[in-house]
Amino acid sequence: MTSPRALWVLLLMAVAAGALAAPVKPRQAAIASAHVLATEAGFEVLGKGGNAFDAAVAVAATLAVVEPQSSGIGGGGLFLLQRASDGHEVMVDARETAPAAVDMRDYLGADGKPDRARSINGPLSAGIPGEPAGLVWIAQRYGKLPLKVSLAPAIRIARNGFKPDGRFLKEVAMRKEVIARYPASAALYLVNGEAPKPGWTFRTPDLARVLERIAEQGNAGFYQGDLARTLVEGVRAAGGNWTLADLERYEAKERAPIAFDYRGWRIVTASPPSSGGVALAEMLNVLGGYELDRLDKVHRTHLMVEAMRRAYRDRAEYLGDPDFVPMPIARLTSADYAAGLRAGIHPDKATPSELLPPYLAGEQGSHTSHFSIIDRDGNLAAGTQTVNLIFGSGLVVAGTGFVLNDEMDDFALVAGKPNAFGLLGNERNAPRPGSRPLSSMSPTFVIGPDRIGVIGTPGGSRIITMVLEGILAFIDGQPPAQLVANARFHHQYLPDVITAEKGAFSAAETKALEAMGHQVHESDRRWGFMNVVSWDRRSGKLQAAADPRGESGSGVVR
Ligand code: DON
């Protein structure tokens, strides 16, 4: 028979277990985004009773208004969500799709050679936008508030206007020549044909109306009816090939994220059509076999570069749109595969990329935008959204108020020829009617026993290596403000070179890496715009930090 004392012990154990199981909640919320107005929009919507997912909609839509060079309603995004009440995790895939009439020959010049201009400028460079469907999906399935409330800050700012920062004005100047080709683009972003001067107020009432239609009608407000007709007519008049059916058929998709363990930390990140999660799993599985924290910086860098080289090789070889091509994801992300890769890594000699199995071939910066959110209930949201290059295709269809993306360049339009980010691909990432181009966007959760980080960044092909470095820095205990500021380095298989920001390596470290056979190229530009929030469950402390490389970035805990 159980003694009364044993019963007491059992009772106490049950109470203790209950206390442990009781969800701990943050006492505040944290948002980090590329623009202070977007961060504030998120808090405005939280203040109206919204959760992190409503805030994500508000932040994403406001970024579409205040940072149109980076992302917008004419683009797409990948949104990673974790619901606190039941732990449900999902990636909302709002990536653009190829129109049904896509034809790879359209991206060749008269001489039959690939013509980059066609895949990065103007109507043929634009995929069918996914952003509107993504916002509608998140609001309707995960939010608590109607779209009218979560889109209200974006609509207000689009209508009333705001004064853009220096980065916006500089990036208009960089894309001026293409913007000037299209009258509605020039009317929206230029003043008398020139990039606007500081102090200029940017208003986009047409975009306010588009957002209102989405708020009222959901997907139908964008993908059907008058606006769809206006878009299709405008794109076709400019020489593109969109049809009403392309818009009508578009749908956001829910996908299971890539999730894996790295030394006791759970990493949850983007699945295909992003290459980010597969590459991160591959790199961290390889690195998990080393005692990285016991190594000097040179050897640690060497191993990270060797992992990067192999993951980017596999990116080029294997990855594409999961709805169209089979991919060996389970193999690439397995521990056995990583062990095999590790066996091929020399402890202090670079493997020339050309010695890896050849993949069968058939400008970087801060455009694209990442935001990170934790709310008071512990819900997590990480969104990376984009129009691809600065101001996307440069094409604004009259009456719409937003620029269309140039995401078609993320396809491998010509097998074996690098895209604008120098990334290679083969027929797995070839455009097919309705297919999604392979992305590097990697919104990520880093979940440890006591600390949680929400992390991501723009930066084209460099996104994945920045996120890798961010994850390792977070696990090492660096606070968000430090890890977003760290100097970065990158290797993407081909070209076979480590690109590094100034300050990433000392002269001696560079020399030591070169002695191992690495080529190190110090870039004169900085890259990325990493926005991170974190929550320490033991101390209850929340932190938020925006990358100091971005002028108006904002990380706030409130
Ligand atoms: O989806 C992708 O990987 C690219 N379209 C992202 C572009 C980007 O990050 C541009 N920023 N520098």
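User: How far is a polar side-chain atom of aspartate 410 from a nitrogen atom of the ligand?

Analyst: This is a predicted model, so take the distance as a computed one. Aspartate 410 is among the residues that come nearest to the ligand. From its polar side-chain atom to a ligand nitrogen, the gap is 2.6 Å.

User: And which residue puts a backbone N or O atom 2.7 Å from an oxygen atom of the ligand?

Analyst: Asparagine 388 isn't the one here: its contact uses a polar side-chain atom, 2.8 Å from a ligand nitrogen. The backbone contact to a ligand oxygen comes from serine 440.

User: How much of the ligand's accessible area does the protein cover?

Analyst: On its own, the ligand has 340 Å² of accessible area. The space it takes is the largest cavity. With the protein around it, the covered share is 99%.

User: How many polar residues does the shell around the ligand have?

Analyst: There are 17 residues around the ligand, with His367 and Ser439 among those that come nearest. By class, four of the shell residues are nonpolar and three are charged. The polar count is 10.

User: Glu407 comes up around the ligand too, so which residue forms a salt bridge with glutamate 407?

Analyst: Glu407 is indeed one of the residues that come nearest to the ligand. Glutamate 407 is buried, and its salt-bridge partner is buried as well. The closest N and O atoms of the pair are 3.3 Å apart, and the partner is arginine 95.

User: In the salt bridge between glutamate 509 and lysine 297, which residue is buried?

Analyst: The closest N and O atoms of this pair are 3.3 Å apart. Lysine 297 has a relative accessible area of 38%, so it counts as partly exposed. At 19%, its partner falls under the 20% cut-off, so the buried one is glutamate 509.

User: What about the salt bridge of arginine 549 with aspartate 547: how far apart are the closest N and O atoms?

Analyst: Arginine 549 counts as buried because its relative accessibility is 16%. Aspartate 547 is buried too, at 1%. Their closest N and O atoms are separated by 2.8 Å.

User: Which residues do salt bridges with shared partners join into one network?

Analyst: A search of the whole structure finds 37 salt bridges. Where they share partners, they link up into one network made of Asp93, Lys253, Arg255, Asp323 and Arg436.

Technical notes. Residues numbered from 1 in each chain as written. Predicted model: local features only at pLDDT ≥ 70, side-chain atom pairs only at ≥ 80, totals over all residues. Heavy atoms only, no water. Salt bridge = Lys/Arg side-chain N within 4 Å of Asp/Glu carboxyl O. Buried < 20%, exposed > 50% of the residue type's maximum accessible area, 1.4 Å probe, protein only. Near = heavy atom within 4 Å. Polar contact = N/O pair within 3.5 Å; in protein donor to acceptor, adjacent residues only side chain to side chain. Areas by Shrake-Rupley, 256 points an atom, 1.4 Å probe, with all protein chains shown as cover. 1 Å grid on protein atoms, 1.4 Å probe; cavity = no way out; pocket = protein on both sides within 12 Å on 5 of 7 lines; lining within 4 Å. Sits in = over half its atoms within 2 Å of the grid points. Nonpolar A, V, L, I, M, F, W, Y, C, P; charged D, E, K, R; others polar.
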